[in-house]
Every structure is written in structure tokens, then in C-alpha cells.
Amino acid sequence: KKRQRRKKVIEEIAKTEKTYNNNLSDMISIFRDHLEASLSTKNPILTRQDLDQLFGRVDGVCEHSNSLLKKLQPNAFATIPEERVGRILQASMDSISTAYQPYIKGMKEQRTTKEKLMKDNEEFKQFVDGGGSRTVVRGGENTSLDFYLI
């Protein structure tokens with residue numbers, strides 16, 4: 001019974017990380033990639049500096065999530081002893097500050113940049129208010145940029 005409960009907890013951790021990972025992927029594909037592509041057009045939506053201030057620190061967070069998710073894949077449960085799952089999670093926690101610290105430190109700058117762009121850049125405002133490059137994301141929810149920018 002204890003083993004079944006532990007397995008369910010591990011599965012829930014993996015499921016939660018997968019949802020978070022999907023949200024990161026959506027943020028990149030819906031907002032960042034489209035805004036970045038606009039940089040090479042005659043009339044970009046924003047500057048490289050603004051793009052970097054909004055999304056420049058998200059890659060480390062994505063890499064961390066991808067790494068953890070890969071280690072927690074459901075098919076790995078059969079081959080990973082339970083005590084090793086604990087070590088995987090501990091190693092993830094040990095390395096989390098490397099991934100998240102730059103992101104968290106940049107949050108004020110990120111918010112300030114977004115607020116300035118929303119106020120001063122009508123094309124950016126329309127893009128963001130319209131839900132980015134598409135309005136329906138995984139699960140059929142309309143999701144704002146604020147949802148993704150922690």
C-alpha cells in the first residue's frame with residue numbers, strides 16, 4: 001500500500017512538471033517566438049532589448065524543467081528504484097536556484113518593460129491583448145502573457 005501511494009505521488013509530481021513544461025513551451029511559441037520573428041521585419045513589434053527583458057531568462061528555466069521531466073518520465077518508473085527518484089528530486093532542488101535565480105531577479109525589470117510596452121506600443125498591446133500568435137492553448141484556455149510571466 002505504501003509503495004502504491006509513493007508511486008502515485010511520483011506520478012503526480014511528473015504530471016505537474018509536465019503541465020508546467022507545457023506552459024513554458026506555450027509561452028515561447030505563442031509570445032516569444034512570434035515577437036522575436038518580428039525583429040527581422042521592416043516594422044518589428046518591439047526591440048531586441050525589450051524582448052530580452054521580457055523573455056531573456058526563460059531558457060534556463062526551460063532547460064531545468066526539460067531535464068527534470070526527462071528523468072521523471074512514466075516509463076522510467078519501472079527502471080528507477082524508488083530511492084533513486086528521491087535523489088533525482090533532490091538534485092533538481094539543488095540546481096533549481098541556478099535556473100530560477102536570474103529569472104526571479106529580472107522579474108521587476110520584466111514587469112516594468114511589459115507595462116511600458118503596453119502603455120507606449122499599440123502594436124505590442126494589440127498582440128498581447130489578442131493572446132499572442134494564437135488565442136487557444138493546450139486545454140482550450142485563453143491565456144494571457146501575465147499568466148506566463150510568473
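This report describes helix α6 and its packing in a predicted model. Residues are numbered from 1 along each chain as its sequence is written. In this predicted model local features need pLDDT of at least 70 and side-chain atom pairs count only at pLDDT 80 or more, while totals for chains, interfaces and linings use all residues, and side-chain values use heavy atoms, with hydrogens and water left out.

Helix α6 spans residues 122–129, and F124, F127 and V128 in this helix are buried (under 20% relative accessible area, 1.4 Å probe, protein chains only). Seen down the axis of α6, these buried residues fall within an arc of 95°, so they line one face of the helix; the arc is that of the directions from the helix axis to the C-beta atoms. The helices against which the buried residues of α6 pack are tabulated here.

| Helix | Residues |
|---|---|
| α1 | 2–38 |
| α2 | 48–55 |
| α5 | 107–120 |
| α7 | 145–148 |

Helices α5 and α6 pack at an angle of about 110°, with their axes 6 Å apart, and are therefore roughly perpendicular to each other (65 to 115 degrees). The contact (heavy atoms within 4.5 Å) is made by K114, L117, M118 and D120 of α5 and by E122, F124, K125, V128 and D129 of α6.

The count comes to 1 aromatic pair, where ring centres must lie within 6.5 Å. The rings of F31 and F127 have their centres 6.0 Å apart and their planes at 90°, so the pair is edge-to-face (over 60 degrees). F31 lies in helix α1 and F127 in helix α6, 96 residues apart, and both F31 and F127 are buried.

Terms used:
Buried means under 20% relative accessible area, exposed over 50%, partly exposed in between (1.4 Å probe, protein chains only). Helices (H or I, at least four residues) and strands (E, at least two) are DSSP runs, numbered from the N terminus. Rings of Phe, Tyr and Trp (its six-membered ring) pair if their centres lie within 6.5 Å; planes under 30 degrees apart count as stacked, over 60 as edge-to-face and the rest as tilted. Axes are lines fitted to C-alpha atoms, for helices over the stretch in contact, and angles run from 0 to 180 degrees between N-to-C directions. Angles under 35 degrees count as roughly parallel, over 145 as roughly antiparallel, 65 to 115 as roughly perpendicular and the rest as oblique.
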